[in-house]
Amino acid sequence: MSEITKRALSASLKKLLSTRPLNKITVSDITEDCGVNRQTFYYHFQDIADLIEWTCLEDCDKVLQDNKHYDSWQQGFLDIFKLMKADERFVMNIYHSVSRDQLELYLYKLTFPLLKNVVDELSVNMHVREDDKAFIANFYKYAFVGLVLDWIGHGMNEDPQLIIDRIALLIKGTIIQALENYRIDKTL
């Protein structure tokens, strides 16, 4: 029942964001649209920002379920772009309503697990410290988030497939090379 209520609150938020800016939406507006009381909202979320974060993570998690591997990371990121384009009004409203730091945090939480999974998968037979693997994943996370924010900031007009193809060409082999550079057991 808890997940159903969270999804209903999320749907109400998205519905309201299609007609007005985030700063004009209150918890009362969301609960009234959803048909629940304020106490129910606060049982599930601390505030509207918490609901936004949950919504972003939940939507992207559905998209990324089968695309968290080296062979499918491109499809995973493409699916994130497509999801954002499909929810363009929601994304643009969030982009213009929350601080850049907050938006970056949402995006970091989405991309890091995917990239960390790829790094872990590629390093299976290598002795690389965990903090070095996290460092590599973080490096790529910052690059991907920067590209996504740039894409949103320019009106989400560029073809996501073109962006993914360019990223793939740019980083081809670089994660494996980075892991090789961080190997503990490499012969000097």
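**Cavities, a pocket and helix packing in an all-helical model**

The second largest cavity encloses a volume of about 30 Å³. This space belongs to a predicted model, in which the count of cavities of 30 Å³ or more comes to two. Its walls are formed by Trp73, Leu114, Leu115, Val118, Phe144, Ile171 and Ile175. Helix 7 gives the most to this lining, contributing three residues. In terms of residue class, the lining of the second largest cavity consists of seven nonpolar residues, with no polar and no charged ones.

The largest cavity has a volume of about 180 Å³. Its lining comprises 15 residues, and those nearest the centre are Cys56, Met84, Phe90, Val91 and Leu107. Several helices come together around this space: helix 4 (48–64), helix 5 (73–86), helix 6 (88–97) and helix 7 (100–122) each supply at least two residues of the lining. Here the class make-up is 13 nonpolar and two charged residues, with no polar ones. Helix 7 thus deserves a second look, as it appears in the lining of the largest cavity and also in that of the second largest cavity.

It helps to place these spaces within the overall fold. The protein has 10 helices and zero strands, and reading along the sequence gives the pattern α-α-α-α-α-α-α-α-α-α. The C-alpha trace spans about 65 × 35 × 25 Å along its principal axes. Of the 188 residues in the protein, 44% are buried. Among contacts between residues at least 6 apart in sequence, 69% join residues at least 24 apart.

Turning from cavities to open spaces, the largest pocket holds about 330 Å³. It is lined by 15 residues, of which Ala143, Leu147, Ile163, Arg166 and Ile167 are closest to the centre. Helix 8 (130–153) and helix 9 (160–171) each supply at least two residues of this lining, and the largest share, seven residues, comes from helix 8. The lining of the largest pocket divides into 10 nonpolar, two polar and three charged residues.

Helix 9 also takes part in a helix pair worth describing. Helix 5 and helix 9 pack with their axes 9 Å apart and at an angle of about 150°, and their crossing is right-handed. From helix 5, the contact draws on Trp73, Gln74, Phe77, Leu78 and Phe81, while helix 9 brings Pro160, Gln161, Ile163, Ile164, Ile167, Ala168 and Ile171. Sorted by class, the residues of this contact are 10 nonpolar, two polar and no charged. Some of these residues return elsewhere in the picture. Trp73 and Ile171 are part of the contact between helix 5 and helix 9, and both also line the second largest cavity. Likewise, Ile163 and Ile167 belong to the contact and are listed among the residues closest to the centre of the largest pocket.

A final detail concerns a charged side chain in helix 4, namely glutamate 58. Is glutamate 58 buried or exposed? Its relative accessibility is 17%, so glutamate 58 counts as buried, the cut-off for that class being under 20%. Leaving aside residues up to four places away in sequence, glutamate 58 touches Glu3 and Arg7. Helix 4, which holds glutamate 58, is also one of the helices that supply at least two residues to the lining of the largest cavity.

Methods. Residues are numbered from 1 along each chain as its sequence is written. This is a predicted model: local features need pLDDT of at least 70, side-chain atom pairs count only at pLDDT 80 or more; totals for chains, interfaces and linings use all residues. Side-chain values use heavy atoms; hydrogens and water are left out. On a 1 Å grid over the protein atoms alone, a cavity is a set of points where a 1.4 Å probe fits but cannot get out, and a pocket is an open set with protein on both sides within 12 Å along at least five of seven lines; lining residues have an atom within 4 Å of a point. Grid points are joined across faces, edges and corners, and a volume is the space filled by probe spheres set on the points. Helices (H or I, at least four residues) and strands (E, at least two) are DSSP runs, numbered from the N terminus. Ala, Val, Leu, Ile, Met, Phe, Trp, Tyr, Cys and Pro count as nonpolar, Asp, Glu, Lys and Arg as charged, and the others, Gly among them, as polar. Axes are lines fitted to C-alpha atoms, for helices over the stretch in contact, and angles run from 0 to 180 degrees between N-to-C directions. A crossing is left-handed if the near helix is turned anticlockwise from the far one by less than a right angle, and right-handed if clockwise. Contact means heavy atoms within 4.5 Å. Buried means under 20% relative accessible area, exposed over 50%, partly exposed in between (1.4 Å probe, protein chains only).
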